[in-house]
Amino acid sequence: MIYPIVIYGSPVLRKVAQEIDKDYPALDKFVEDIWETMYHSDGLGLAAPQVGKSIRLFVIDGAPLAQDEPALENFKKVFINAKIVEKSDDESAINEGCLSIPLLREDVVRPQNIRME
């Protein structure tokens, strides 16, 4: 199932998403659907709030960036209840887009390395 992408300004994008557990209803189906939605929308990543679900889940597929970053060729992951536990002081600016803000790209400064659990 392809979900509609929630556009910037929607309250669900400002809300603190809820943690989920392994018993979240139809979790496998939702993950399958969020992948399908992301690929259909030509995205590299997509978070559950972007499809109207206020839960702590996002997906990333780095393969399209592998030409510039070979380590990303097989980086395809689902993150559930992820938390940043460490980030580097070194930062880089990368030109990014967001499926919830269509047709807009901007240089975004982020830490070069993060560690998540």
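Which residue in E6 is the bridge partner of alanine 93? Keep that in mind while you load up this predicted model.

**Stop 1: the hairpin.** Select residues 91-98, which are strand E5, and residues 101-111, which are strand E6. The two strands run antiparallel and are joined by 8 bridges. Put alanine 93 on display and look across to E6: its bridge partner there is valine 109. Now go to the turn end, where 2 residues sit between E5 and E6 to complete a hairpin.

**Stop 2: a nonpolar patch.** Switch on the surface and pick Ile7, Tyr8, Leu13, Ile101 and Leu104. Together they make a nonpolar surface patch of about 450 Å². Zoom in on isoleucine 7, which belongs to the segment before helix H1 (27-40). Isoleucine 7 has a relative accessible area of 43%, so it counts as partly exposed.

**Stop 3: inside, at valine 59.** Hide the surface and select residues 57-61, strand E2, where you'll find valine 59. Is valine 59 buried or exposed? Its relative accessible area is 0%, so it's buried. Leaving aside residues up to four places away in sequence, pull up what valine 59 touches: Ile34, Trp35, Met38, Leu44, Gly45, Leu46, Lys77 and Val78. For a distance check, try valine 59 against tyrosine 39: they are 20 residues apart in sequence, and C-alpha to C-alpha they are 11 Å apart in space.

**Stop 4: rings in helix H1.** Time for aromatics; the count of pairs comes to 4. One of them is tryptophan 35 with tyrosine 39, a stacked pair at 5.8 Å centre to centre with 15 degrees between the planes. Both residues lie in helix H1, 4 residues apart, or about one turn of the helix. Colour them by accessibility and you get two classes: tryptophan 35 is buried because its relative accessibility is 12%, while tyrosine 39, at 36%, is partly exposed.

**Stop 5: the phenylalanines.** Next, select phenylalanine 75 and phenylalanine 79. Their ring centres are 6.5 Å apart and the planes are at 35 degrees, so this pair counts as tilted. Phenylalanine 75 has 25% relative accessibility and so counts as partly exposed; phenylalanine 79 is buried, with a relative accessible area of 16%. Why does 16% land in the buried class? Because buried means under 20% relative accessible area. Finally, add Phe58 to the selection: ring pairs link Phe58, Phe75 and Phe79 into a cluster.

How values were computed: Residues are numbered from 1 along each chain as its sequence is written. This is a predicted model: local features need pLDDT of at least 70, side-chain atom pairs count only at pLDDT 80 or more; totals for chains, interfaces and linings use all residues. Side-chain values use heavy atoms; hydrogens and water are left out. Patches are made of residues with over 30% relative accessible area and no salt bridge: like charges are joined within 9 Å, nonpolar side chains (Val, Leu, Ile, Met, Phe, Trp, Tyr) within 5 Å. Accessible areas come from the Shrake-Rupley method with a 1.4 Å probe; for residues, only the protein chains shown count as cover. A salt bridge is a side-chain nitrogen of Lys or Arg within 4 Å of a carboxyl oxygen of Asp or Glu. Buried means under 20% relative accessible area, exposed over 50%, partly exposed in between (1.4 Å probe, protein chains only). Two strands pair if DSSP finds at least two bridges between them. Contact means heavy atoms within 4.5 Å. Rings of Phe, Tyr and Trp (its six-membered ring) pair if their centres lie within 6.5 Å; planes under 30 degrees apart count as stacked, over 60 as edge-to-face and the rest as tilted.
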